[in-house]
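Thanks, everyone. Let me put the chain on the screen, and then we'll walk through it piece by piece.

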Amino acid sequence: MKGSMSTDFGVITINPEVIAKYAGTVAVECFGIVGMAAVNMKDGIYGLLKKENLTHGISVSISDDNKIKLDFHVIIAYGVSISAVTDNLISNVKYKVEEFSSMPVEKINIFVEGVRVID
């Protein structure tokens with residue numbers, strides 16, 4: 001489903017893939033986030049995604065009234081507070097995605113798929 005907005009000059013339609021890519025870029029800039037995770041449902045294994053594949057760890061849905069729902073599958077750094085990292089992630093992503101898309105973020109779900117020691 002795509003988000004659409006009417007303007008005086010026409011209709012603006014935003015593909016959820018665009019929002020996922022932007023949200024992924026914002027997420028990996030947050031303190032404590034090592035990266036996005038790709039989950040292999042068959043084996044129950046996760047893998048750290050490279051920067052060009054960030055959207056595989058994010059699910060975006062846009063309701064009929066243009067409200068965004070985001071699901072993040074993340075890998076966090078060892079030794080950091082999960083609640084502090086996720087609170088920071090939620091506030092940063094919510095603010096920046098709303099500013100970027102001009103659509104409200106209704107819900108952000110975060111699934112911590114793993115912990116990684118960073119050098």
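Of the 119 residues in this chain, 36% are buried. Keep in mind that this is a predicted model. The chain has 2 helices and 7 strands. Reading from the N terminus, the order is β-β-α-β-β-β-β-α-β. Now contacts. Take those with a separation of 6 or more: 66% of them join residues 24 or more positions apart.

Let's go to helix α1. It covers residues 16-28, so to speak, 13 residues in total. From first C-alpha to last, α1 reaches 18 Å, close to the 18 Å expected at 1.5 Å a residue. Which residues of α1 are buried? Here they are: Pro-16, Ile-19, Ala-20, Ala-23, Gly-24, Val-26 and Ala-27. Look down the axis of α1, and these buried residues fall within an arc of 165 degrees, so they line one face of the helix.

One detail at the start of α1. A side-chain oxygen of Asn-15 comes to within 2.9 Å of the backbone nitrogen of Glu-17.

Next, aromatics. How many aromatic pairs does the structure hold? The count is 1. The rings belong to Tyr-22 and Phe-100. Their centres are 4.0 Å apart and their planes sit at 10 degrees; stacked means under 30 degrees, so this pair is stacked. Where do the two residues lie? Tyr-22 is in helix α1, and Phe-100 is in helix α2, residues 82-101. The pair therefore ties together parts that are 78 residues apart in sequence.

Is Tyr-22 buried, partly exposed or exposed? Its relative accessibility is 27%, and buried would need under 20%, so Tyr-22 counts as partly exposed. Phe-100 has a relative accessible area of 40%, and exposed would need over 50%, so Phe-100 is partly exposed as well.

Now the strands. Strand β5 spans residues 58-62, and its side chains alternate. Ile-58, Val-60 and Ile-62 point to one face and are buried. Ser-59 and Ser-61 point to the other face and are not buried.

What does β5 pair with? Its partner is strand β6, residues 68-77. The two run antiparallel, joined by 5 bridges. Back to Ser-59 for a moment: its bridge partner in β6 is Asp-71.

Last stop, the hairpin of β5 and β6. There are 5 residues between the strands. In this hairpin, Asn-66 takes a positive phi near 65 degrees.

That's the tour. Over to you.

Notes
Residues are numbered from 1 along each chain as its sequence is written. This is a predicted model: local features need pLDDT of at least 70, side-chain atom pairs count only at pLDDT 80 or more; totals for chains, interfaces and linings use all residues. Side-chain values use heavy atoms; hydrogens and water are left out. Buried means under 20% relative accessible area, exposed over 50%, partly exposed in between (1.4 Å probe, protein chains only). Helices (H or I, at least four residues) and strands (E, at least two) are DSSP runs, numbered from the N terminus. Two strands pair if DSSP finds at least two bridges between them. The expected span of a helix is 1.5 Å times one less than its number of residues. The arc is that of the directions from the helix axis to the C-beta atoms. A polar contact is a pair of N or O atoms within 3.5 Å; within protein, one must be able to donate a hydrogen and the other to accept it, and residues adjacent in sequence count only if both atoms are side-chain atoms. Rings of Phe, Tyr and Trp (its six-membered ring) pair if their centres lie within 6.5 Å; planes under 30 degrees apart count as stacked, over 60 as edge-to-face and the rest as tilted. Contact means heavy atoms within 4.5 Å.
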